[in-house]
Amino acid sequence: MDNDQEAKAIECLDRAYLMLLEQHVEGVHTQQLSAFNMARVEILTDKVSALVNLGRAEEALQIFNEARRVQALQSKEPFDGYMLDDIASFEDEENASKLMEVLKSWTDKERNTWFAYCFEDEVQDDSVISVQRAAKLTGQTNLLLEWLTASARDLPPQSLHLFNLRGAIAYIYYPVLGDIDRGKSLRQEILAMKTKPDPEFEETMNETKTQHQLQLANILFYEFQMTPDPLRKETIMETLRALPSAHGDNYDERESHVGMLYANMLRVIGPAKDYQKHMDELFKNCIDGLEDSVSWNDSPSLRLLAKVLASLDSLQRDAMIAISAQFSILDRAIHEDNADDIASESSEGLVNTGVAEADCDQATAGEEENPTASDETSENNQRDKLSGVDEAEYSDRKIGEVLDHLGVADRPEPTIEEPAKLDEDLRQGAIGCDGECGMETLSSWTQPLYYCMLCPNTDICEGCYFKRMKQTKGEIEEPWLSFCGANHHYIKGPMKDWKGIKNGVIRVGEEEIAFKEWLRGLKEERWQKAWEIFWTRQSWLKDIGVEE
Ligand SMILES: [Zn+2]
Ligand SMILES: [Zn+2]
């Protein structure tokens, strides 16, 4: 709904409210009074939603409090979480204290209803991030922790609700507060929880477990880097190695990024022959992913491969090719075959495996809430509730008008941007910046990205990269939620003169090589060569005091 319609809806609601008040006669019996108040609440809350959509926060809050007052005449129950979330989600960027003030003005029951809405099944990420941000910026993280802990108190130990809530608590300790110890121990506890979600949420829960696992790996690597004590380093390395998989025996390429962190530790601790053995395994996983007959895993395999190759001196150009190729279709025949399979599977009503195309960035950053189901229900609720208003002889026509204006079903579908028509073969799927800029995701190289070689799965845009560098040097303050890490290293993509892949051929400047040929050469020649260099190098010895 655009702003004009929204404003018009507000007008209609005001008229309807006025009419309703005029219709009301003093001294009606209780049942009528209750219908009258319900209708008032209904109109007021609809107006709140419209004001929220228009960004008129102050007025929305004022009307909301009015609606709360009327609601209290009727029932001891707070508004449902959906309504409370509308209010909580108008947090204004400049004024983080507002959200905390609103939450403080609520009763425990109201806050817990809202938290239940946020954590019961699928986490409402936007709302949760807003409140964490507001708490951090206003120095009230302790209060938020208190609220969350209280709301977790009576939840069944195996509930997804508790699992999600504890996840939010862990997130406040780390990364929000940078409390390494609590961030680590809470995640270890969460990963050991025996949560039993409804089957429909099983997948989401495992995804969240993977996120906790990656976060834990991040913390462990940071500790490893910082400690000068080799024995402590060894213990940390062992903890990382023993991290349980969130996906059971199913291979998840992101867990190999944890494997890459383990490789980095092994390189320091040794023995070096174990380092090579482990790197060989990672390399083999990547090659398997690139040589199989599915295309959805190509991009994650290339990203992991880039990290593996970047660790060896003679393979850095190959690392750049790997990262540059992440948006490309490597083999058109396989890609089209897969697309056909996916299309026929979905038409048979089977699970669409194409979802795996989404990489971790999309899962964390771009999770669009699917409004369809809940909106339908809420529209039905509106109709049901408003039909009660008829009893109060409330104008049918107006209701229709109001409903039309409020029609949640009219919300435009999120549009998916078509990739620019470049002379190259591009896969579906996109990568976003994990910094703080909130930029749109990329589905081709319309701007450079810096792929972190130490974070389990992080890309940042140029703007955020330069910010990160300044934060590391202490020239500017860290944001409320630090991203990436100090002293991390990056591969910048795309490489110089990258022209993409077309018909399975890599094109860099004037050079052309079939992707398959590049991969064969890497697998059969350059990988072995790189290890020969590794084992014969004497990089720790330098000429001293010898004149050039
Ligand atoms: Zn950015
Ligand atoms: Zn990083």
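**View 1. The hairpin of strand 5 and strand 6, with G509 in its turn.** In this predicted model, two residues sit between strand 5 and strand 6. One to look for in the turn is G509, whose phi is positive at about 55 degrees. Strand 6 covers residues 511-514, and its pairing with strand 5 is antiparallel, with four bridges holding the register. To get your bearings, find V505: standing opposite is A514 of strand 6.

**View 2. The hairpin of strand 4 and strand 5.** Now slide over to strand 4, residues 498-502, which pairs with strand 5, residues 505-508. Here, too, the sense is antiparallel, this time over three bridges. Two residues lie between the strands, and N503 takes a positive phi near 50 degrees. Just beside that, K502 has V505 of strand 5 as its bridge partner.

**View 3. V505, with partners in two strands.** Zoom in on V505 and you can pick out K502 as a bridge partner, while A514 in strand 6 stands opposite V505 as well. Strand 5 therefore takes part in two antiparallel pairings, given that two strands pair if DSSP finds at least two bridges between them: three bridges with strand 4 and four with strand 6.

**View 4. Stepping back to the whole chain.** The protein chain has 22 helices alongside six strands. It runs to 548 residues, and 48% of them count as buried. About 28,700 Å² of the chain is exposed, with carbon and sulfur atoms supplying 50% of that area. As for contacts between residues at least 6 apart in sequence, 67% join residues at least 24 apart.

How values were computed. Residues numbered from 1 in each chain as written. Chains lettered and ligands numbered in written order. Predicted model: local features only at pLDDT ≥ 70, side-chain atom pairs only at ≥ 80, totals over all residues. Heavy atoms only, no water. Buried < 20%, exposed > 50% of the residue type's maximum accessible area, 1.4 Å probe, protein only. Contact = heavy atoms within 4.5 Å. Areas by Shrake-Rupley, 256 points an atom, 1.4 Å probe, with all protein chains shown as cover.
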